[in-house]
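User: I want to learn how to read a structure like this one. Can you take me through it feature by feature?

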Amino acid sequence: MSFTVAIVGRPNVGKSTLFNRLVGKKLALVDDTPGVTRDRRPGDARLVDLRFTIVDTAGLEEAHEESLQGRMRAQTEAAIDEADLSLFVVDAKTGLTPVDTALAEMLRRRGKPVILVANKSEARGSDAGFYDAYALGLGEPTPISAEHGQGMLDLRDAIVAALGEERAFPPKDDVAVTDVDIPQSTGADGEEEEEPAYDDSKPLRVAIVGRPNAGKSTLINRFLGEDRLLTGPEAGITRDSISVEWDWRGRTIKMFDTAGMRRKAKVIEKLEKLSVADALRAIRFAELVVVVFDATIPFEKQDLHIVDLVLREGRAAVLAFNKWDMIEDPQAVLADLREKTDRLLPQARGIRAVPISGQTGRGLDKLMQSIIDTDKVWNKRISTARLNRWLEQQQVQHPPPAVSGRRIKLKYMTQVKARPPAFMISCTRSDALPESYTRYLINGLRADFDMPSVPIRIHYRSPDNPYESKKRRT
């Protein structure tokens, strides 16, 4: 992107609505409640012919540094310092407030370009608020309606005038296309070719999920080595799913911090429902999910529900037992956690579980290595020849059951996809095959092909009966 723009202003003036308008998607949560946004959220913006990075920020308020509002203000000030330009949004409908005046003075002291944006200018009676904005001393305000998309051309012209043509339109470089799934070809004789080896240079998308106050944001901040995400003792600080990028041993990792997910019965408020829905979207978008447990109170019922949800979505999972620095007898607790993991999560047999401390940084390298190892399994491909030899051995050791005096025959097996691994078995009377035999095959795949912790899918297909039509005629 050519330059970075921060959207700033007091709470509830429409900053997140403008952010969604510029990125062309409903990425940021929007609600009538003031103070919905708490972290700074970046996005790729398009405004007519401009391409730039836009950063949504929390509403600025006067508050003590140690309070939640004070920490939110620090995040917003960091976004302003990193940006090339600030869009100072005021509410033309309600007019100026003393907070607007204080924020204008703060922006002026920083000496960076500022565009005064009068939002909600389409509302009746907004003219007075628009003209009052001149008193801030930041030049002519740009009237817009973020909700209805009015005034976007004027905003584009104001950005170009503030930065200059050269800064707004930098020379275009050749862009290399990455992260594209290319279908695998087949050989000339029609046989399936082996897929290439695991690509450890490809960017990896990782979602961090868990119950509220499990330490998810603190963990990501420790990975980044900076206070990028808002943290604190209060539960439920994170609301939006925020993505951050960093490098681990030369590989790009894109992590998604998500809102804590409570039991569905306790999620009543609309804003929390939106936050949980945003977290679920992050799980579906990610390739691997780290489920953060509070090691001091692990394996709550909600923890098990979250792990089951991740596996049902087909995502690879790694467990992180956070706050390990607060455990008094680590060896005994670790043995107990391993026993509970195997007993309470039978659907994820062999799942990797790592004790960590987001506060001190203990165990983070081991966690990242477990993430990479699990992703390799999630992308694993097994040749058809090996699968059919294995299937024959499994039937010898444990033949399929006979139903109504006729034994079910498993004829052929192949892997139809990876991410997660999915297999198709051609068999007779697939509808009569019991679920217990499918579990037997899945457990065998995990053990014989070293595929722990990832969800495995098995589908069955029965060949068409050529005599079916004749039976119907008789």
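User: Start with a helix. What should the 14 residues of helix α13 span at 1.5 Å a residue, and how far apart are its end C-alpha atoms?

Analyst: This is a predicted model. For α13 (residues 435-448), the expected span is 20 Å, and the end C-alpha atoms are 20 Å apart, so the two values agree.

User: Which residues of α13 are buried?

Analyst: The cut-off is under 20% relative accessible area. In α13, the buried set is Tyr437, Thr438, Leu441, Ile442, Gly444, Leu445 and Arg446. They pack against helix α12 (384-397) and three strands: β15 (410-417), β16 (422-427) and β17 (457-461).

User: What is the phi of Asp450, which follows α13?

Analyst: Asp450 has a positive phi, near 55 degrees.

User: How does helix α5 compare with its expected length?

Analyst: Helix α5 covers residues 152-163, 12 in number. From first C-alpha to last it reaches 17 Å, close to the expected 16 Å. Its buried residues are Met152, Leu155, Arg156, Ala158, Ile159, Val160 and Leu163. Just after α5 comes Gly164, with a positive phi of about 95 degrees.

User: Now sheets. How do strands of a sheet pair?

Analyst: They pair through backbone hydrogen bonds, either parallel or antiparallel. In this model, one open sheet has 6 strands in the order β2-β3-β1-β4-β5-β6, with mixed pairing. The edge strands are β2 and β6 (142-143), each paired on one side only.

User: In which sense do β2 and β3 pair, and over how many bridges?

Analyst: β2 and β3 (residues 50-56) are antiparallel, over 7 bridges. One bridge sets Arg46 opposite Arg51 of β3.

User: Arg41 is in β2 too. Is Arg41 buried or exposed?

Analyst: Compare the relative accessible area with the 20% cut-off. Arg41 comes to 9%, so Arg41 is buried. Beyond its sequence neighbours, Arg41 touches Phe19, Leu27, Ala28, Ile54, Val55, Asp56, Asp240, Ser241, Ile242 and Asp278.

User: Ser86 is another polar case. Where does Ser86 sit, and is Ser86 buried or exposed?

Analyst: Ser86 belongs to strand β4 (residues 85-91). Its relative accessible area is 2%, so Ser86 is buried. Leaving out residues within four places in sequence, the contacts of Ser86 are Ala6, Val8, Ile80, Leu107, Pro113, Val114 and Ile115.

User: And Arg461 in β17: buried or exposed?

Analyst: Exposed means over 50%. Arg461 has 51% relative accessibility, so Arg461 counts as exposed. Outside its near sequence neighbours, Arg461 contacts Met424, Ile425, Ser426 and Cys427. Sequence separation can be checked against space as well. Arg461 and Tyr412 are 49 residues apart in sequence, and 9.8 Å apart C-alpha to C-alpha.

User: Which residues have the most contacts inside the largest nonpolar core?

Analyst: That core has 49 residues. Those with the most contacts inside it are Val206, Met255, Val290, Leu367, Ile371, Leu410 and Leu445. Helix α11 (residues 364-378) supplies the largest share, 7 residues. A second, separate core has 29 residues, including Val209, Ala295, Phe299 and Leu345.

User: What does Met255 contact?

Analyst: Leaving aside neighbours within four places, Met255 meets Val206, Ile208, Ile220, Phe223, Ile242, Ser243, Val244, Trp246 and Met368.

User: And Val209, from the second core: is Val209 buried or exposed?

Analyst: Val209 lies in strand β7 (residues 204-210). Its relative accessibility is 0%, so Val209 counts as buried. Its contacts beyond four places in sequence are Lys216, Thr258, Met261, Ile283, Val289, Val290, Val291, Val292 and Ile306. Val209 and Ala279 are 70 residues apart along the chain, with their C-alpha atoms separated by 7.6 Å.

User: Zoom out. How many helices and strands does the protein chain have?

Analyst: The chain has 14 helices and 17 strands. Buried residues make up 48% of its 474 residues. Of contacts between residues at least 6 apart in sequence, 69% join residues at least 24 apart. The accessible surface is about 24200 Å², and carbon and sulfur atoms hold 48% of that.

User: Last check. What is the mean pLDDT, and where is pLDDT below 50?

Analyst: The mean is 85, and 88% of residues reach 70 or more. Residues 174-190 fall below 50. That stretch has 9 contacts in the model beyond near neighbours in sequence.

Definitions and conventions. Residues are numbered from 1 along each chain as its sequence is written. This is a predicted model: local features need pLDDT of at least 70, side-chain atom pairs count only at pLDDT 80 or more; totals for chains, interfaces and linings use all residues. Side-chain values use heavy atoms; hydrogens and water are left out. Helices (H or I, at least four residues) and strands (E, at least two) are DSSP runs, numbered from the N terminus. Buried means under 20% relative accessible area, exposed over 50%, partly exposed in between (1.4 Å probe, protein chains only). Contact means heavy atoms within 4.5 Å. Accessible areas come from the Shrake-Rupley method with a 1.4 Å probe; for residues, only the protein chains shown count as cover. A nonpolar core is a set of buried Ala, Val, Leu, Ile, Met, Phe, Trp, Tyr and Cys residues joined through side-chain atoms within 4.5 Å. pLDDT is the predictor's confidence in each residue, from 0 to 100. The expected span of a helix is 1.5 Å times one less than its number of residues. Two strands pair if DSSP finds at least two bridges between them.
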